[in-house]
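Please take a moment to look over the model shown below, and keep it in view while you read. The paragraphs that follow lead from one detail to the wider picture.

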Amino acid sequence: MLIKEVTYKDFNGMEHKDILHFHLSKSRVLLTDEEKYNKVLTLAKELQDKATEVDSVKVDTTDDFNPFDPKMQVVANAARTMVQLLDLMVDLSYGLRSEDGSRFIQNEKVLEQFKSSAAYDQLIQDFINNPNDMLAFIESLNKTAN
């Protein structure tokens, strides 16, 4: 079980602090639909390939930011792939832990409610701002399922 604490402002401007729970069980991986399973594998492979491409590109951060610079496009594409993989991993792992800790509730309603919240937006933003944390989170989920 992975726990992430997120501080965010809701849609009324009120600040909240939530404890989010993520768990990716072996059974969840084995029973996930083929399309989602294959998409995770495809994105993971793409991310590996793009990481190699990013490593070979030298981006000069002292220059003015130009989003149309081909070098920046390489970095932006890698970041986009990483966030798409993160989104799928959240789909597979987010849930609500019961008070007594005996159950972990994962279903479409729970996921839909979370993904329509400001907490979800903040989680994604936190990971975008800290790509190493995002990779560590994805790797930790992968380890829990192995």
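A side-chain oxygen of N107 comes to within 3.1 Å of the backbone nitrogen of K109, and this contact sits at the start of helix α4. Bear in mind that the model is a predicted one, and that every distance given here is computed from it.

Following α4 onward, we find that V110, L111 and F114 are buried. Seen down the axis of the helix, these buried residues fall within an arc of 95°, so they line one face of α4. A general rule helps to make sense of such a pattern: an α-helix has 3.6 residues a turn, so residues three or four places apart point the same way. The face of α4 turned away from its buried side carries exposed residues, namely E108, K109 and E112.

Beyond the end of α4, which spans residues 108-115, there is a loop that leads to α5 (118-129), and S117 is found in this loop. Is S117 buried or exposed? S117 counts as buried because its relative accessible area is 18%, which lies under the cut-off of 20%. The side chain of S117 also has polar partners in the backbone: one of its polar atoms lies 2.6 Å from the backbone oxygen of F114, and a polar atom of this side chain lies 3.2 Å from the backbone nitrogen of Y120. F114, as noted above, is one of the buried residues of α4.

Helix α6 can be read in a similar manner. It runs over residues 131-145, has 15 residues, and reaches 22 Å from its first C-alpha to its last, which is close to the 21 Å expected at 1.5 Å a residue. Its buried residues are M134, F137, I138, L141 and A145, and because they cover an arc of only 95° around the axis, they are on the same side of α6. On the face turned away from this buried side, α6 carries the exposed residues N132 and K143.

At the other end of the sequence, I3 has its place in strand β1, which covers residues 2-9. I3 counts as partly exposed because its relative accessibility is 48%, and together with M1 and I19 it makes a nonpolar surface patch of about 280 Å².

Finally, we can step back to the whole protein, which has 6 helices and 4 strands. Read along the sequence, these elements follow the pattern β-β-α-α-α-β-β-α-α-α, and of the 146 residues of the protein, 29% count as buried.

Key: Residues are numbered from 1 along each chain as its sequence is written. This is a predicted model: local features need pLDDT of at least 70, side-chain atom pairs count only at pLDDT 80 or more; totals for chains, interfaces and linings use all residues. Side-chain values use heavy atoms; hydrogens and water are left out. Helices (H or I, at least four residues) and strands (E, at least two) are DSSP runs, numbered from the N terminus. Buried means under 20% relative accessible area, exposed over 50%, partly exposed in between (1.4 Å probe, protein chains only). A polar contact is a pair of N or O atoms within 3.5 Å; within protein, one must be able to donate a hydrogen and the other to accept it, and residues adjacent in sequence count only if both atoms are side-chain atoms. The expected span of a helix is 1.5 Å times one less than its number of residues. The arc is that of the directions from the helix axis to the C-beta atoms. Patches are made of residues with over 30% relative accessible area and no salt bridge: like charges are joined within 9 Å, nonpolar side chains (Val, Leu, Ile, Met, Phe, Trp, Tyr) within 5 Å. Accessible areas come from the Shrake-Rupley method with a 1.4 Å probe; for residues, only the protein chains shown count as cover. A salt bridge is a side-chain nitrogen of Lys or Arg within 4 Å of a carboxyl oxygen of Asp or Glu.
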